[in-house]
Amino acid sequence: MAKDPQTPLDEELMRQEREAEAQPVEGEVESAAEAVEQAESQGEPSDNPEAEVLAARVEELEQGLAEAKDQALRAAAEAQNVRRRAEQEAEKARKFALEKFVKELLPVVDSLEKALEAMGEEASEAHREGVAMTLKMQRDVLTKFGVEMVEPAGEPFDPQVHEAMAMVPNPELEPNTVMDVMQKGYLLNGRLVRPAMVVVSQSVG
């Protein structure tokens, strides 16, 4: 059903009602704006509960963001440390994976050295040369994989890499000097695999 056409009187009444509704709202906005401007000019905070709640919320969010950033940085640092430790462990395992094998191989080298030393005049040159060549090949292989020989004759005794088998008075040497090497020692990439068994000098009397 169509609405009845509005008369000039109806339009006037509606206009007055709209003005009456709008005036208080506009007045509140203007008053609030004036109060804020006045408070700011006087250096006083505006007495606005909603603004205070929003400010508190903003501060809370900023604090939470700072904490989240700190936690993220800590997590990243911890992940980097874990990765670094894993890389170090992997490198360590790679460098020393042959340690057990080297320990098992050293007695073979010892036997070849003793065999070469024990050969008398009756041994043929070919036999002597064959043993010497085999010993050299063994040593070259060990060197290739990071094995270093410790033969400290004439050096000061070092308990880190030497094992004293006997102490012998010797006036010609300084005390605690390696006089003789009974069995060579070996290092694998700087780590002791087997200490050198040595005879150490001591002072006379």
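This briefing looks at a small set of features: one sheet, the helix packed on it, and one lysine. The model is predicted, so local features need pLDDT of at least 70 and side-chain atom pairs count only at pLDDT 80 or more, while totals for chains, interfaces and linings use all residues. Residues are numbered from 1 along each chain as its sequence is written, and side-chain values use heavy atoms, with hydrogens and water left out.

**The sheet**
- Three strands (DSSP E runs of at least two residues, numbered from the N terminus) make an open antiparallel sheet, ordered S1-S4-S5.
- At the edges sit S1 (147-150) and S5 (191-194), each pairing on one side only; pairing takes at least two DSSP bridges between two strands.
- From one strand to the next, the twist averages 35°.
- S1 and S4 (residues 185-188) run antiparallel and are joined by 4 bridges.
- Val-147 sits opposite Leu-188 of S4.

**The helix on top**
- Helix H3 (residues 99-118) packs on the sheet and touches S1, S4 and S5; a helix here is a DSSP run of H or I with at least four residues, and contact means heavy atoms within 4.5 Å.
- The direction of H3 makes about 50° with that of S5, with axes fitted to C-alpha atoms (for helices, over the stretch in contact) and angles running from 0 to 180 degrees between N-to-C directions.

**Lys-184**
- You'll find Lys-184 in the loop between S3 (178-183) and S4.
- Lys-184 counts as buried because its relative accessibility is 14%; buried means under 20% relative accessible area, with a 1.4 Å probe and protein chains only.
- Its side chain makes a polar contact of 3.4 Å with that of Glu-113; such a contact is a pair of N or O atoms within 3.5 Å, where, within protein, one must be able to donate a hydrogen and the other to accept it, and residues adjacent in sequence count only if both atoms are side-chain atoms.
- Beyond neighbours within four places in sequence, Lys-184 has contacts including Arg-139, Met-149 and Arg-194.

Key
Buried means under 20% relative accessible area, exposed over 50%, partly exposed in between (1.4 Å probe, protein chains only).
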